[in-house]
Amino acid sequence: MSHKKLRQGLIETCIAMNESGLNQGTSGNLSHRIEGGMLITPTSMPYDQMKNDDIVEMAFDGTVTGKHRPSSEWRFHRDILRKRSDVNVVLHTHSVYCTTLATHGRGIPSFHYMVAVAGGTDIRCAPYACFGTQELSTVALEALKDRTACLLGHHGLIVLAETYEKAMWRAIEIETLAKMYVHALAIGEPPHLSEKEMAQVIEQMRRMAYGDAPDLDKVKDTPKLPVARSASVAPDTKAEKPARQYPKALKVKVTVKSPANSATKLAPVQGTVAGKAVAPKESAKTVAAPKAASPKTRSTKALATKATTPAKKTIASKKKATTEAAPVATGSAATSFKSLVGSALSRRK
Ligand SMILES: [Zn+2]
């Protein structure tokens, strides 16, 4: 069986979702990018009964391989993975506090600086659309623009990440934020951090992501690390060298396999399970990852969305899913998965 570690990681993540309280029963679902498609949870199967060969393999053209039908939400999983080459994992859950806000059509504003974990200055809520529909996929993609999470009106939460571990971490952080926001609302709408303040948070987080000390205010009172490491993280000074350059887009050389006529094969054969289906004839080529939106771009746009206003205005436009080729999975295998998720979960307790 192919993708053994990814299948195992998918099952372990689903179980961790339920054990952490993020998910109840079989309502959530999870997918991971593979070459030309995705692995996704089967529909209506208890996670603790799931085996590696119960995981459904689905090509982006809709061809399904496996014993079961894919999750009823395969459309948004497929559309997100096809459009968002910056992520490998799509996690969906009806976590209680995120869903509580979503039943009011409310997103999570910048009431707390950690909303930046979703990539911007707020976490939007997509307008309601029936589960399993193309319409839901469309509004979700719109709400996820420049973000790695969104709420779904009267429904739940979607989180995107590069790996299973990051998806669990991000989902727990966002559910915790939603819980704090619901509690804060009990004594009224809390003040929101300004656009400038959130821009600082995003810059601070970006520096840390690149291994620099969080020294936004330039006091240079940073930890004294061992010589080998401190050399690479010493504060930049104009006299010594130019400021560190943060790449805006990573040029990645990946092998892409795309069906010759992919543009006409976007609509999969609904519910078809072809046990020995063969993927369409594929050709290899090299592409560069699309340019990522810079945090500053995000911050200037995003504060316009107040949480008290349902996101309908900003998510009204309907866009067809694009047909760009998807990169190969970067292999977020499940090694040390348990310890990573374990530490994420222990922080929650
Ligand atoms: Zn759902």
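I'll start with helix 4: the elements covering its buried residues include helix 2 (74-83), strand 6 (125-126), strand 7 (149-152) and strand 8 (156-161). This is a predicted model, so please keep that in mind throughout. Helix 4 spans residues 134-143, and 7 of its 10 residues are buried, which leaves the helix mostly covered. The buried ones are Leu136, Ser137, Thr138, Val139, Ala140, Leu141 and Ala143.

Two of those residues turn up again when we look at Cys150. Setting aside neighbours within four places in sequence, Cys150 is in contact with Ala140 and Ala143, and also with Ile123, Arg124, Cys125, Ala126, Leu144 and Ile158. Cys150 and Ala140 both belong to the largest nonpolar core, which has 66 residues. Along with Leu151, Val159 and Ile174, they are the members that touch the most other members. As for where this core comes from, its largest share is 10 residues from helix 5, residues 164-185. As a general remark, nonpolar side chains in soluble globular proteins tend to be buried together.

Staying with helix 5, let me turn to its packing against helix 3. Helix 3 covers residues 96-103, and the two helices pack at an angle of about 55°, their axes 7 Å apart. That angle is why helix 3 counts as oblique to helix 5. The crossing of the two is left-handed. On the helix 3 side, the residues that meet helix 5 are Tyr97, Cys98, Thr100 and Leu101. Their counterparts in helix 5 are Ile174, Glu175, Ala178, Lys179, Tyr181 and Val182. Ile174 is also one of the core residues I listed a moment ago.

Now the sheet. In what order do the strands of the open sheet run? The order is 4-3-2-1-5-8-7-6, with 8 strands and mixed pairing. Strand 4 (64-65) and strand 6 are the edge strands, each pairing on one side only. Helix 1, residues 4-19, packs on this sheet and touches strand 1, strand 2 and strand 5. The direction of helix 1 makes about 155° with that of strand 1.

Strand 1 deserves a closer look. Is strand 1, residues 29-34, mostly covered or mostly open? Mostly covered: 6 of its 6 residues are buried. That applies to both faces, with Asn29, Ser31 and Arg33 on one side and Leu30, His32 and Ile34 on the other.

Strand 1 also has a partner on either side in the strand order. With strand 5 (residues 89-93) it runs antiparallel, joined by 4 bridges, and the bridge partner of Leu30 there is Leu91. With strand 2 (residues 37-40) the pairing is again antiparallel, over 4 bridges, and His32 stands opposite Leu39. Strand 1 and strand 2 form a hairpin with 2 residues between the strands, where Gly36 takes a positive phi near 80°.

To finish, the chain as a whole. Its secondary structure comes to 9 helices and 10 strands. Of its 349 residues, 39% are buried. Among contacts between residues at least 6 apart in sequence, 72% join residues at least 24 apart. Cys150 and Ile123 are one pair in contact that I have already named.

Notes:
Residues numbered from 1 in each chain as written. Predicted model: local features only at pLDDT ≥ 70, side-chain atom pairs only at ≥ 80, totals over all residues. Buried ≥ 20, exposed ≤ 12 C-beta atoms within 10 Å, placed from the backbone. Pairing = 2+ DSSP bridges. Core = buried A, V, L, I, M, F, W, Y, C linked by C-beta atoms within 7 Å. Contact = placed C-beta atoms within 7 Å. Axes fitted to C-alpha atoms, helices over the stretch in contact; angles between N-to-C directions. Parallel < 35°, antiparallel > 145°, perpendicular 65-115°, else oblique. Left-handed = near helix turned anticlockwise from the far one by under 90°.
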